[in-house]
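Visitor: I'd like to learn how to read a model like this one, feature by feature. Could you walk me through it?

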Amino acid sequence: MKKLLLIMVWIPMISFSQQKEILRYFISKDSLVGIKTQKGKIIIPAEFKDYTGIKDGESVPEGIGNETILFAGGKRNDRFEKNTFGYVYDRKGNFLYKPYLFDNGADYFSEGLRRFVKNGKIGFADRNGKTVIQPRHDFASSFNYGYAVFCNGCDWEKTDDEHPAIVGGIWGVMNIKGETVQPLTQHSGKDIDIDGKYYPYSFQYSEKEKNILQFFENYNTVISAIHYVNVYNEMSEEEKKLLFEIVERPQENFPYYQINTYDNNKRNLAAFDDLKFFVSEDGKKVYILNYENKMIPFEKWLKEEIRQAEEYQKKHSNNPNKFKK
C-alpha cells in the first residue's frame, strides 16, 4: 500500500488545460465584449457589458471550471431576469443558460453542479453546460453531501439583514438526479441531518474508487490538523475528523475524479476551492487546484501547507488545536 501511495503523489506538475482552440475577447467601439477565434472569426458578437476589466485581445480562460464561457455583465437589448447574473455560452458560441445570482455574482459550482434560472425556475447544469436537473423549482439550494433543499410557492422577503429571506411554500429535499427524497424513520451515523431530519447516505463506490478514498483517509489526521490549526475553539479529535467523498467522475473535458472534503457534521469544506482534490482517471495522480487555476501535485501542496501550519503555530503558540504531523 505504501508503494502505491508514493506512486500516486510522486509526479511532475502538469497543467490541466487540454488542447482547445484559443479564443480571445474583443471589444467593440461602444465598449461591448464579444469573442473571436485566434484567426479572427467571430463566434459570439460584441453584445455584453463588462465589469471585470477584460482587455481587447485577452485570451478566454481555459482549464478546470472553464469548459464554458461566462459573461459577467448585462447583454445589449436584453431584459433583466430576476435572480440571474450573466450569461453562459459553450466554446462554440451557443447560449446555454443564465446563472443563478449568488453572493453578488454567478453561482458557484458545488459538487459539480451550478444553479441556473429559466422562466423564474431554478435548475442545475454540469461543467459542460448540460442541464442535469430541469428548472422546475422556485428556489433550490446548492448541493451538499449529495442533497439540495428546494421549495415551490415560496418567495423572497426583505429583511434588515444583507440577504433577503425565503418564506412560505412547500419544501423538500432532492438528490443529485433531481428526485425528491423522503426522510428516514431510523438513521445511522453515515446519514445526513438536514433541518432536523435524516436522509440516507447517498454515495456508492467501486473497489477502485474505495482505494482512491483510502488514500485521503490515510492523510486524514494531517489534513485535519492543517485545517483546524487556526480555529480558536478547542475541538476533540473526533470533532476534527474529516470526511472525503467523490462528487464528480471522469467525463468529457474532465479526466478526473473530484474529491470533496467535509467536516464531521457533513458540511462541505470544498465549496470555495479549499480542500477540493482531483485524482487522474487511472487513479494514480493526485492534485489540488490553486488560486491560479493550475493543478498542483498533492505532495507539493501538502509540504507547503505543513510549513504554513507550523509557522502559524510559532506565531500563535496559544492556539488550542495544536498542529501535529
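Visitor: Let's start with aspartate 195. Where is aspartate 195 found?

Guide: Aspartate 195 sits in the loop between strand S17 (192-194) and strand S18 (197-199). Keep in mind that this is a predicted model. Phi of aspartate 195 is near 55 degrees, a positive value in a residue other than glycine.

Visitor: Is aspartate 195 buried or exposed?

Guide: Look at the relative accessible area: over 50% counts as exposed. Aspartate 195 has 72%, so it is exposed.

Visitor: Which residue in the loop between strand S4 (69-71) and strand S5 (87-89) should I look at next?

Guide: Try asparagine 77, which lies in that loop. Asparagine 77 has a positive phi too, about 65 degrees, although it is not a glycine. At 78% relative accessibility, asparagine 77 counts as exposed.

Visitor: And what about leucine 96, how do I read a strand residue?

Guide: Leucine 96 belongs to strand S6 (residues 95-99). Its relative accessible area is 28%, so leucine 96 is partly exposed. Leaving out residues up to four places away in sequence, leucine 96 touches Thr68, Val88, Tyr89, Asp90, Asn128 and Gly129. If you want a longer ruler, the C-alpha atoms of leucine 96 and proline 250 are separated by 22 Å, with their positions 154 residues apart along the chain.

Visitor: Now a charged side chain. What is the nearest side chain of opposite charge to lysine 266, and how far away is it?

Guide: For a salt bridge, you'd want a side-chain nitrogen of Lys or Arg within 4 Å of a carboxyl oxygen of Asp or Glu. For lysine 266 the nearest side chain of opposite charge is aspartate 191, 7.8 Å away. Lysine 266 is buried yet has no salt bridge.

Visitor: Which backbone oxygen lies 3.0 Å from a polar atom of the side chain of lysine 266?

Guide: That's the backbone oxygen of glycine 189. Lysine 266 itself is in the loop between strand S20 (256-262) and strand S21 (276-280). Setting aside neighbours within four places in sequence, its contacts are Asn144, Tyr145, Gly189, Lys190, Asp191, Ile192 and Leu243.

Visitor: How many disulfides are there?

Guide: The count comes to 1 disulfide. Cysteine 151 and cysteine 154 form it, with their sulfur atoms 1.8 Å apart. The dihedral about the S-S bond is 65 degrees, and the link is right-handed. Both ends are buried: cysteine 151 has 0% relative accessibility, and cysteine 154 has 11%.

Visitor: Why would you call helix H3 (residues 220-228) largely enclosed by the rest of the structure?

Guide: Count the buried residues. In helix H3, 7 of the 9 residues are buried, so the rest of the structure largely encloses it. Those residues are Asn220, Val222, Ile223, Ser224, Ala225, Ile226 and Tyr228. Their cover includes H2, helix H4 (237-240), strand S19 (243-248), S21 and helix H5 (298-315).

Visitor: Last one: where in the protein is confidence lowest, and where is it highest?

Guide: Where pLDDT is low, the predicted coordinates should not be read in detail. Here confidence is lowest in helix H1 (residues 2-9), at a mean of 38, and highest in helix H2 (residues 207-218), at 98. Over residues 1-18 pLDDT stays under 50, and the model has 39 contacts beyond four places in sequence for them. The mean pLDDT of the protein is 89, and 91% of its residues reach 70 or more.

Technical notes
Residues are numbered from 1 along each chain as its sequence is written. This is a predicted model: local features need pLDDT of at least 70, side-chain atom pairs count only at pLDDT 80 or more; totals for chains, interfaces and linings use all residues. Side-chain values use heavy atoms; hydrogens and water are left out. Helices (H or I, at least four residues) and strands (E, at least two) are DSSP runs, numbered from the N terminus. Buried means under 20% relative accessible area, exposed over 50%, partly exposed in between (1.4 Å probe, protein chains only). Lys and Arg count as positive and Asp and Glu as negative; His and the chain ends are not counted. A polar contact is a pair of N or O atoms within 3.5 Å; within protein, one must be able to donate a hydrogen and the other to accept it, and residues adjacent in sequence count only if both atoms are side-chain atoms. Contact means heavy atoms within 4.5 Å. pLDDT is the predictor's confidence in each residue, from 0 to 100. A disulfide is a pair of cysteine sulfur atoms within 2.5 Å.
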